[in-house]
Amino acid sequence: MEVLVHFSQLLSSPLLVITLFFGLVNITVIMLYVFLYLTSSRQPDLSRAESEKSFIDPQQKERKKFPFPSISDTPSLYLTLVVPAYKEQDRLPKMMNETLSYLEKRKKENSSFTYEVIIVNDGSPDKTSEEAMKFVSEYGCEKIRLLEFVRNRGKGGAVRMGCLSARGERVLFLDADGATEITDMERLEKAIDIIAPDHTVPVIAIGSRAHLQDKAVAKRTFFRNFLMYGFHFLVYFLCVKGIRDTQCGFKMCTRSAIDLVFKNLHIERWAFDVEMLYIAQYFKIPIVEVAVNWQEIEGSKMVPIFSWIQMGRDILFIRLRYLFGIWKIKPKSS
């Protein structure tokens, strides 16, 4: 009893309470640091399985393999489109047909418009690979290439590896569902043209659905809107300033921007866009937000509530890992 009385007297001291409080804060920070350190890789995982280093040319009888180039190489095309695909056997064909129809039309109008499409099959268990190879067979591997992952790495991992395998002066990554109209890439091109005279100047133009937000809010439940606004607040408060829509899967970068940003990118899941833009702002790379036409397509792999919570956690961990120095941004690609 006397011990309890003595303890209560000690707690009545403001100085002791403050000391205990900051002691608990320090212990919490140390435990958080240890957890993040033990669960984080120091460097981005840019490794590839042997089969991921090359692509197949199905037009040759022996189905010969050719090595993918590096983003550090001199560009040989105007544009590379990167399409991450996971379980997209149903949606990929329609999107590819619309995209290739547009690209071929531009090429006929302007012979200097050269392009390639890299489809990254992110370890899909369905027939995504077979659907992709149909386009490679029809158009040839100079225009269409399939990068086949041996395991699922996530959308961020697929986009990163596809971009690092590009031959284009500019690289556009876009979703396999075709939610954004492919013709809107011209808006992104014009935004880059204003800033960058050539591919050596790092610039990023991102599609934005912010102008559609009011209509979307009116259709969503209160809880989903709460999660959405909470996610936007976390993005702004912790990582990326001045961007209204970080998650639209329609972004174009100059080759030098890809080389700087994607070799520093750690996140391989849904929140990779946030880290990408965080790194870009670290390098003071101009980021232009451009309104695009977008519609929701059935078959999304995102589970709204679960995915937003997961991304919120990832965004917090992104900020803490950089803050604690567990992750470091290399100023120049090696």
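**Notes on the predicted model**

1. Starting at the C-terminal end: Phe 324 sits in the segment that follows helix 11 (304-323). Keep in mind throughout that this is a predicted model. Phe 324 comes out as partly exposed, with a relative accessible area of 25%. Leaving aside residues up to four places away in sequence, Phe 324 touches Val 29, Leu 32, Tyr 33 and Leu 36. Take Leu 36 from that list: 288 residues separate Phe 324 from Leu 36 in sequence, yet their C-alpha atoms are 9.1 Å apart in space.

2. On to helix 2. Val 25 belongs to helix 2, residues 14-38, and is partly exposed at 32% relative accessible area. Val 25 is also one of five residues in a nonpolar surface patch, the others being Ile 18, Phe 21, Phe 22 and Val 29. Together they offer about 450 Å² of accessible area. Val 29 is worth a second look, as it is in the patch and also among the residues that Phe 324 touches.

3. Some overall numbers for context. You'll find 11 helices and 9 strands in the chain, and 48% of its 334 residues count as buried. The accessible surface is about 17,400 Å², with 60% of that belonging to carbon and sulfur atoms. Of the contacts with a separation of 6 or more, 81% are between residues 24 or more positions apart.

4. Strand 7 (residues 204-208) is a nice one to click through. It is mostly covered, with 5 of its 5 residues buried. In a regular strand, side chains alternate between the two faces of the sheet. Here Ile 204, Ile 206 and Ser 208 point one way, while Ala 205 and Gly 207 point the other way, and all are buried.

5. Which strands pair with strand 7, and in which sense? Strand 8 (residues 250-254) pairs with it in the antiparallel sense over 3 bridges, and strand 9 (residues 287-291) in the parallel sense over 5 bridges. For landmarks, Ala 205 has Met 252 as its bridge partner in strand 8, and Gly 207 has Val 290 in strand 9.

6. Helix 3 (residues 92-109) has the span you'd expect. Its 18 residues reach 26 Å from first C-alpha to last, close to the 26 Å expected at 1.5 Å a residue. Its buried residues include Leu 92, Met 96, Leu 100, Tyr 102 and Leu 103, but also Glu 104 and Arg 106. The cover over the buried residues of helix 3 includes strands 3 (77-85), 4 (115-121), 5 (144-148) and 6 (168-174), along with helix 4 (128-139) and helix 6 (185-195).

7. Two lysines deserve a backbone check. Lys 87, in the loop between strand 3 and helix 3, has a positive phi of about 55° although it is not a glycine. Lys 284, in the loop between helix 10 and strand 9, likewise has a positive phi, of about 60°, without being a glycine. Lys 87 is partly exposed at 40% relative accessibility, whereas Lys 284 is exposed at 71%.

8. Now the charges. The count comes to 21 salt bridges. Asp 45 and Arg 153 make one of them, with their closest N and O atoms 3.3 Å apart. That pair links distant parts of the chain: Asp 45 is in the loop between helix 2 and strand 1 (54-56), Arg 153 in the loop between strand 5 and helix 5 (155-163), 108 residues apart. Asp 45 is partly exposed at 30% relative accessibility, but Arg 153 is buried at 3%. Another salt bridge joins Arg 145 to Glu 142 at 3.5 Å between the closest N and O atoms, and Arg 145 is buried too, at 6% relative accessibility.

9. Buried or exposed: what are Arg 160 and Glu 268? Both are buried. They form a salt bridge whose closest N and O atoms are 2.4 Å apart. Arg 160 lies in helix 5 and Glu 268 in the loop between helix 9 and helix 10, so the pair ties together parts 108 residues apart in sequence. With a relative accessibility of 16%, Glu 268 counts as buried because the cut-off is under 20%.

10. Finally, the wider setting of Glu 268. Residues up to four places away aside, it touches Asp 45, Arg 153, Gly 154, Lys 155, Gly 156, Gly 157 and Arg 160. Asp 45, Arg 151, Arg 153, Arg 160 and Glu 268 are linked in a network of salt bridges.

Note on methods. Residues numbered from 1 in each chain as written. Predicted model: local features only at pLDDT ≥ 70, side-chain atom pairs only at ≥ 80, totals over all residues. Heavy atoms only, no water. Helix = DSSP H or I, 4+ residues; strand = E, 2+ residues; numbered from the N terminus. Buried < 20%, exposed > 50% of the residue type's maximum accessible area, 1.4 Å probe, protein only. Contact = heavy atoms within 4.5 Å. Areas by Shrake-Rupley, 256 points an atom, 1.4 Å probe, with all protein chains shown as cover. Patch = residues over 30% accessible without salt bridge, like charges linked within 9 Å, V, L, I, M, F, W, Y side chains within 5 Å. Salt bridge = Lys/Arg side-chain N within 4 Å of Asp/Glu carboxyl O. Pairing = 2+ DSSP bridges. Expected span 1.5 Å × (residues − 1).
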